[in-house]
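Colleague: Before I use this model, I would like to hear the reasons behind the labels attached to it. Please take me through them.

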Amino acid sequence: MNRMTLLLARVMVTGTMISAFLIAVGLVWFLSAHVGENPGDHIFSGEPKYFSNPIGMVRRAFDLREVGERRSVAMIGIFLLLLNPPVRVLLAGAGYVLEKNRLYVWISAVVFTVLAISFFW
Amino acid sequence: MTEPIFDIAVGGASFCAGVFGSLIGLGGGIIITPLLVLGFGIDLRYAMGAALCSVIATSSGAAAAYLRDGISNMKVGLFLCVATTVGAVCGALLATVLDQSVLAVIFGVALLATVFLSLAKKPGPRILPEDSDPLAIKLDLPGEFPGQDGTKSAYGVAGIVPGFCVMWVAGVLSGLLGIGSGAFKVLAMDQIMRLPFKVTTATSNFMIGVTAAASVGVYLKKGYLDPALVSPVALGVLAGAFVGAKLLAVAPVRLLRVIFLTAVCVIAVQMIRQGLR
């Protein structure tokens, strides 16, 4: 349990730091291309403008046409950020697998399934 | 205002929200959303999406410290996450069908309730492991936490069923309003399940990110996440929460609490008025 907890803690801190770094770089890069433009966040457009699920996010981030829009780096950062909680649950579940604690393997699996459904339905 | 200046202003406001949030023990999400809506005229749905991402960021950043200290009770956290994640998906789906003005009113009321909860924060009486709810023992929830002198003190867990139900409601609020709903989670664990306060805060922090992630899936699908807004908000709140945690030791926390909670009440009333208009 203790080694798993330490691993979990390390993954969370590293993951958060990497995603914050990518978001920061991406934001600067994006803004440098949009100097002098008006912000467009006031009006809700209703449809998912940029991505609607994690796979779509990554796909768009690596789409070459997207590079012109310069959102891709920040998008990968946000993707990593959103990945953090599911990984948290997954690692906790793995810890219980090692402990052979069947009840909590099940509970972790249920939580993970709910997260997966919400991301991919 | 041009895009870069706008983003810098949003980032700065988020930073302040993060600092004050961690100083007075409110999450960033519940402060940043009204700030974006009332202060910057941003659509409530985009504001909620960005706030929720910032909630995940701070939860992930801080949960690590709690985990390393061994205070948070992972079993309690995971078990209650079943309730909060299901609730969060329900709440997020509800948010997509409710009218924005209704959401604004509910948000204002939740904000007032949060202030009330954080003022009335009097730790409930603790219980011994042997006095635990039988269900808690079946689920192996009672634990122990390290004290300052290195000794471990064992604690029991009460009220599993009511606690689970309140957690579901906390999850619904989280998804409905794009907040971490930490105050409601603490209410359930502290007052109903009678967990020690330190265990409660650490465990609720672990849960907040997982709960928020469950809502984010729905928000993504509905297009509530705009990277151009999420980026400055998440970065600002994360940096602010980090600085706030460092300031905690030296800042006049009591005075700040009074000033800030009053301000939050005014903001809450403004949100309700905006919704009723």
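Modeller: What follows goes through confidence, the fold of chain B, its helix packing and the contact between the chains.

Colleague: What kind of model is this, and what are its ipTM and pTM scores?

Modeller: This is a predicted model. It scores ipTM 0.89 and pTM 0.89.

Colleague: What pLDDT does each chain average?

Modeller: Chain B averages 87, and 99% of its residues score at least 70. Chain A averages 80, with 70% of the residues at 70 or above.

Colleague: Which elements of chain A have the lowest and the highest mean pLDDT?

Modeller: Helix H3 (residues 64–67) of chain A has the lowest, 56. Helix H5 (residues 102–120) of chain A has the highest, 94.

Colleague: What elements make up chain B, and in which order do they run?

Modeller: Chain B has eleven helices and two strands. From the N terminus the order is α-α-α-α-α-α-β-β-α-α-α-α-α.

Colleague: How do you know whether the radius of gyration of chain B agrees with that of a compact globule?

Modeller: The rule is 2.2 Å times the number of residues to the power 0.38. For 277 residues this gives a radius near 19 Å, and chain B has 18 Å, so the value agrees with a compact globule. Along the principal axes, the C-alpha atoms of chain B fill a box of roughly 60 × 45 × 30 Å.

Colleague: Why are H4(B) and H9(B) called roughly parallel?

Modeller: Their axes cross at roughly 30 degrees and come within 8 Å. Angles under 35 degrees count as roughly parallel, so H4(B) is roughly parallel to H9(B). The crossing of these two helices is right-handed.

Colleague: Which residues meet there, and what classes do they belong to?

Modeller: On H4(B) they include Val76(B), Leu80(B), Thr84(B), Ala88(B) and Leu93(B). On H9(B) they include Phe206(B), Met207(B), Val210(B), Tyr219(B) and Lys222(B). By class, the contact of H4(B) with H9(B) has 13 nonpolar, eight polar and one charged residues.

Colleague: H9(B) also packs with H7(B). What makes that pair oblique?

Modeller: Helix H7 (residues 160–177) of chain B and H9(B) pack at about 45 degrees, with their axes 9 Å apart. That angle falls outside the parallel, perpendicular and antiparallel ranges, the first being under 35 and the second 65 to 115 degrees. The two helices are therefore oblique to each other. H7(B) passes H9(B) in a right-handed crossing.

Colleague: Which residues of H7(B) take part?

Modeller: Gly171(B), Ser174(B) and Gly175(B) do, meeting Thr211(B), Ala212(B), Ala214(B), Ser215(B) and Val218(B) in H9(B). This contact of H7(B) with H9(B) has three nonpolar, five polar and no charged residues.

Colleague: Why is the pair H5(B) and H11(B) called roughly antiparallel?

Modeller: Helix H5 (residues 100–119) and helix H11 (residues 253–276) of chain B pack at about 160 degrees, with their axes 7 Å apart. Angles over 145 degrees count as roughly antiparallel, so the label applies to H5(B) and H11(B). H5(B) passes H11(B) in a left-handed crossing.

Colleague: What lines that contact?

Modeller: From H5(B) there are, among them, Val105(B), Phe107(B), Leu111(B) and Leu112(B). From H11(B) there are, among them, Leu261(B), Ile267(B), Met271(B) and Ile272(B). The contact of H5(B) with H11(B) has 18 nonpolar, four polar and no charged residues.

Colleague: How many residues does each chain give to the contact between chain A and chain B?

Modeller: The contact takes 50 residues from chain B and 55 from chain A. On the side of chain B, H1, H3, H4, H9 and H10 each supply at least two residues. H3(B) gives the most, with eleven residues. By class, that side has 32 nonpolar, nine polar and nine charged residues.

Definitions and conventions:
Residues are numbered from 1 along each chain as its sequence is written. Chains are lettered from A and ligands numbered from 1 in the order in which they are written. This is a predicted model: local features need pLDDT of at least 70, side-chain atom pairs count only at pLDDT 80 or more; totals for chains, interfaces and linings use all residues. pLDDT is the predictor's confidence in each residue, from 0 to 100. Helices (H or I, at least four residues) and strands (E, at least two) are DSSP runs, numbered from the N terminus. Two residues are in contact if their C-beta atoms, placed from the backbone, lie within 7 Å. Ala, Val, Leu, Ile, Met, Phe, Trp, Tyr, Cys and Pro count as nonpolar, Asp, Glu, Lys and Arg as charged, and the others, Gly among them, as polar. Axes are lines fitted to C-alpha atoms, for helices over the stretch in contact, and angles run from 0 to 180 degrees between N-to-C directions. A crossing is left-handed if the near helix is turned anticlockwise from the far one by less than a right angle, and right-handed if clockwise.
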